[in-house]
Amino acid sequence: QFKHPYLRGRFTDKGIHFEHSSVFDSWDVRTNDEPQNYHPTQRFPIAISRGRLEGGLCNAGELLVPMLNVLTGNFQSLIRIPVTPNHEGKFLKLNYTGLSIHGAAHFLRPKFSEYAGCLFVCEGLCTGIAVLIDTQEKFPIYSAGSCGNLAPVCEGLRTRYSKKKIIIVADNDEAGISAATKCKDAGLADGIRMPEIAGHDWCDDLLMRRKGI
C-alpha cells in the first residue's frame with residue numbers, strides 16, 4: 001500500500017516507514033467476481049483496488065480507505081484516492097458512489113492497547129498514520145475523512161465511549177481549527193492539538209521533526 005503514490009509521496013519518499021498490521025492486513029472488497037459479505041467484527045485496513053466494484057466504480061490501483069460507523073463498527077463507505085494527482089498536484093479524496101461517510105471513520109488500531117483511556121480524532125488518513133507513529137501505536141486513532149465529519153464522529157465516539165477522553169488533532173487551517181473548536185465548545189472533545197505552522201497537518205509536522213527542523 002505504501003507503493004501507492006499518495007502514501008509514498010507523504011511517507012516513504014521522505015524516509016518515514018510504517019508497517020503496522022492494522023493498516024496493511026489482507027482485505028478483500030466486494031467485486032463482480034468475488035462477492036464478500038461485510039461483518040461488524042471484520043477488520044478493514046486500507047487496500048488497493050483491483051478494478052471495478054459492484055455497486056460503484058473504483059478504478060484499478062486506487063487506494064481504498066474503508067470507513068466504519070463509529071457507533072456500530074459496521075462498514076459504511078469507502079474513500080477512494082486515485083493513482084495520479086489532479087492538475088494542481090493534489091490527490092483527490094473521492095467518496096464511494098451512493099455512500100456517505102457521515103458519522104463514519106477509518107480506525108487505526110493501536111498495537112499495544114485497544115482499551116486506552118484516550119481517543120484521537122483527525123481528518124485525513126496520513127494525519128492518522130502520523131499520530132499513530134507519534135503515540136508509539138498506544139492509542140486508537142479515528143480518521144474522519146474531512147473537517148465537516150469531525151463533529152458526527154466525535155459525537156458517536158462520545159456516545160460509545162463516554163468515559164474516554166477525545167482529543168482532536170486538527171489541521172492548522174481555518175476550516176480545521178473552526179471545526180475542532182466547535183466540537184470542543186459543544187462538549188464533543190476534551191482537547192485540541194495541532195501543528196504550530198499555519199497550513200500544516202500532523203504529517204507535515206512529523207516530517208519536520210524527523211528532519212530536525
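Among contacts in the chain between residues at least 6 apart in sequence, what percentage join residues at least 24 apart? The figure is 54%. Before going further, I should say that this is a predicted model.

Some totals, to begin. The chain has 213 residues, and 49% of them count as buried. It contains 6 helices and 9 strands. The exposed area is about 10500 Å², and 50% of that comes from carbon and sulfur atoms.

I will spend most of my time on strand E2, residues 63-69. How many of its 7 residues are buried? The count is 7 of 7, and the strand is mostly covered. As general background, side chains in a regular strand alternate between the two faces of the sheet. In E2, Leu 63, Val 65, Met 67 and Asn 69 point one way. Leu 64, Pro 66 and Leu 68 point the other way, and both sets are buried.

Now the pairing partners of E2. Strand E1, residues 47-48, is joined to E2 by 2 bridges, and the two run antiparallel. Here Ile 48 stands opposite Leu 63. Strand E3, residues 75-81, is also antiparallel to E2, and this pairing has 6 bridges. Within it, Met 67 of E2 has Ser 77 of E3 as its bridge partner. E2 and E3 make a hairpin, with 5 residues between the strands. In that turn, Gly 73 has a positive phi, about 80°. Finally, strand E5, residues 104-108, is antiparallel to E2, with 2 bridges joining them. There, Asn 69 of E2 is matched with Ala 104 of E5. So much for E2.

Next, a single residue, Leu 99. Where is it placed? Leu 99 sits in the loop between strand E4, residues 94-95, and strand E5. Is Leu 99 buried, exposed or partly exposed? Its relative accessible area is 32%, so Leu 99 counts as partly exposed, since that class lies between the 20% and 50% cut-offs. If we set aside neighbours within four places in sequence, Leu 99 is in contact with Phe 75, Gln 76 and Ser 77. Ser 77 came up a moment ago, as the bridge partner of Met 67. Leu 99 and Ile 79 are 20 residues apart in sequence, and their C-alpha atoms are 9.6 Å apart in space.

That leaves the helices, where I have two pairs to show. Two packed helices are described by the angle between their axes and the distance between the axes.

The first pair is H4, residues 150-160, and H5, residues 174-185. Their axes come within 9 Å and cross at roughly 30°. That angle makes H4 roughly parallel to H5, because angles under 35 degrees count as such. The crossing of H4 past H5 is right-handed. On the H4 side the residues that meet H5 are Leu 150, Ala 151 and Cys 154. Facing them from H5 are Ala 179, Ala 180 and Cys 183.

The second pair is H3, residues 125-134, and H6, residues 202-210. These pack at an angle of about 45°, and the axes are 7 Å apart. H3 is therefore oblique to H6. Which residues of H6 meet H3? They are Trp 202, Cys 203, Leu 206, Arg 209 and Arg 210. From H3, the residues involved are Cys 126, Thr 127, Ala 130, Val 131, Ile 133 and Asp 134.

That is the end of my part.

Methods: Residues numbered from 1 in each chain as written. Predicted model: local features only at pLDDT ≥ 70, side-chain atom pairs only at ≥ 80, totals over all residues. Heavy atoms only, no water. Buried < 20%, exposed > 50% of the residue type's maximum accessible area, 1.4 Å probe, protein only. Helix = DSSP H or I, 4+ residues; strand = E, 2+ residues; numbered from the N terminus. Pairing = 2+ DSSP bridges. Contact = heavy atoms within 4.5 Å. Areas by Shrake-Rupley, 256 points an atom, 1.4 Å probe, with all protein chains shown as cover. Axes fitted to C-alpha atoms, helices over the stretch in contact; angles between N-to-C directions. Parallel < 35°, antiparallel > 145°, perpendicular 65-115°, else oblique. Left-handed = near helix turned anticlockwise from the far one by under 90°.
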